[in-house]
Amino acid sequence: MKIGFVVNDIATEKPIYSTTRLAMSAAGRGHDVCLMGLRDFGYEPDGSLSAITATATAGKRYRSLDRYLEDVQAAPRERTELADFDVLMLRADPAAEAGDSAWASTAGLAFGRMVAETGVLVVNDPRSLADAMSKAYFQQFPEVVRPRTLITRDEDRVREFIGELGGRAVLKPLQGSGGSGVFLVDMEREPNIAQIVEAIARDGYVVAQEYLPAAKDGDVRMFLMNGRPLEIDGVYAAFRRRPNEADVRSNMSAGGKAEAVKVTDEMLHLVDAVRPKLLFDGMFLVGLDIAGDKLMEVNVFSPGGLGSCAALYGVDFASAVIEDLERKTGMRKHYGSELANVQLATA
């Protein structure tokens with residue numbers, strides 16, 4: 001199998017990223033693996049698609065994520081025909097493309113759609129990812145699993161809504177991820193709501209969301225594959241992300257700590273509720289962020305934490321992800337173009 005991983009920029013990838021783990025796992029299973037950045041695509045006059053890619057030493061068995069990524073980043077770049085791939089995995093984080101480079105994520109998804117039209121399996125499905133660029137995508141999931149939410153740029157309406165919630169709410173930007181620009185406000189402490197709203201609204205809409213008391217202990221990141229919990233021999237790919245005492249955010253990139261967690265029936269009920277939408281949208285690998293009986297976020301772009309799961313439970317979940325992609329490429333050979341990309345992505 002020839003598999004490509006689309007990242008923001010090969011040079012800025014890190015060994016701890018789940019994408020690095022997935023790529024090394026694929027290489028370890030004997031596949032031809034390439035990495036490419038959002039700025040590396042090309043459309044030729046004859047209609048063919050290509051990308052400037054990098055790959056580690058062919059046939060070399062790696063045990064170290066650091067060494068694997070070092071070899072990839074040091075490898076000579078080559079122009080590769082994208083139609084030659086079996087799988088293209090979109091793993092770029094739109095939140096990393098702020099300001100003047102916001103175009104990169106949009107362009108990456110556009111190329112992803114064109115690659116899918118050549119018969120290459122592209123996951124997660126690029127058309128659905130384009131819809132998910134905004135946190136408004138989260139509002140398309142069943143109301144029963146979501147915190148109460150307001151999306152606006154009107155400061156007065158934000159104040160009113162916080163009052164409806166009892167005086168506490170979480171404010172964050174409509175665009176972005178990784179815990180960037182997230183504020184917990186409490187009206188009793190008279191926070192400077194105007195300043196917070198102005199800062200967030202400078203780059204777009206403001207999301208005001210019900211504060212979930214269970215979030216004080218952090219949230220649970222649970223991986224789903226094909227709409228179901230990623231599980232090996234009864235062990236779930238899930239862990240608690242506990243925030244540090246000075247920060248409301250539990251994101252690992254914001255200083256959160258990973259802890260083992262027991263997956264409850266309550267969590268599995270949430271998975272059941274979101275499964276139909278994820279399957280319909282071709283969302284192959286997803287990270288749910290759960291607090292109590294509610295979802296805080298559905299990460300469909302580059303959910304991280306496979307390394308934390310491996311460290312906590314001693315289970316190689318990355319290999320299971322690659323194994324399922326192998327299964328899907330086998331299905332493509334049987335069905336050809338009868339299965340659309342969005343269907344095959346979660347089949």
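Here, a residue counts as buried when its relative accessible area is under 20%. In this predicted model, buried residues make up 52% of the 347 residues in the chain. Let's start with the chain as a whole, then zoom in on one of its sheets.

**The whole chain**

- DSSP-style bookkeeping gives 10 helices and 19 strands for the chain.
- The chain's radius of gyration is 20 Å, close to the 20 Å from the globule rule for 347 residues, so the chain is as compact as a globular protein of that length.
- If you lay the C-alpha trace along its principal axes, it spans about 60 × 45 × 40 Å.
- Take the contacts between residues at least 6 apart in sequence: 69% of them join residues at least 24 apart.
- About 15,900 Å² of the chain is exposed, and carbon and sulfur atoms supply 48% of that area.

**A four-stranded sheet**

- Four strands form an open sheet in the order 8-11-9-10, and their pairing is antiparallel.
- Strand 8 (149-152) and strand 10 (183-186) sit at the edges with a single partner strand each, so one side of each has no neighbour in the sheet.
- From one strand to the next, the twist averages 25°.
- Strand 9 (residues 168-173) and strand 10 run antiparallel and are joined by four bridges.
- Looking at strand 9's neighbour, you'll find Val185 of strand 10 as the bridge partner of Ala169.

**Helices lying across the sheet**

- Helix 5 (residues 155-164) lies across strands 8, 9, 10 and 11 (206-210), and runs at about 175° to strand 8.
- Helix 6 (residues 193-201) lies across strands 9, 10 and 11, and runs at about 25° to strand 9.

Methods
Residues numbered from 1 in each chain as written. Predicted model: local features only at pLDDT ≥ 70, side-chain atom pairs only at ≥ 80, totals over all residues. Heavy atoms only, no water. Pairing = 2+ DSSP bridges. Helix = DSSP H or I, 4+ residues; strand = E, 2+ residues; numbered from the N terminus. Axes fitted to C-alpha atoms, helices over the stretch in contact; angles between N-to-C directions. Contact = heavy atoms within 4.5 Å. Rg over C-alpha atoms; globule rule 2.2 N^0.38 Å. Buried < 20%, exposed > 50% of the residue type's maximum accessible area, 1.4 Å probe, protein only. Areas by Shrake-Rupley, 256 points an atom, 1.4 Å probe, with all protein chains shown as cover.
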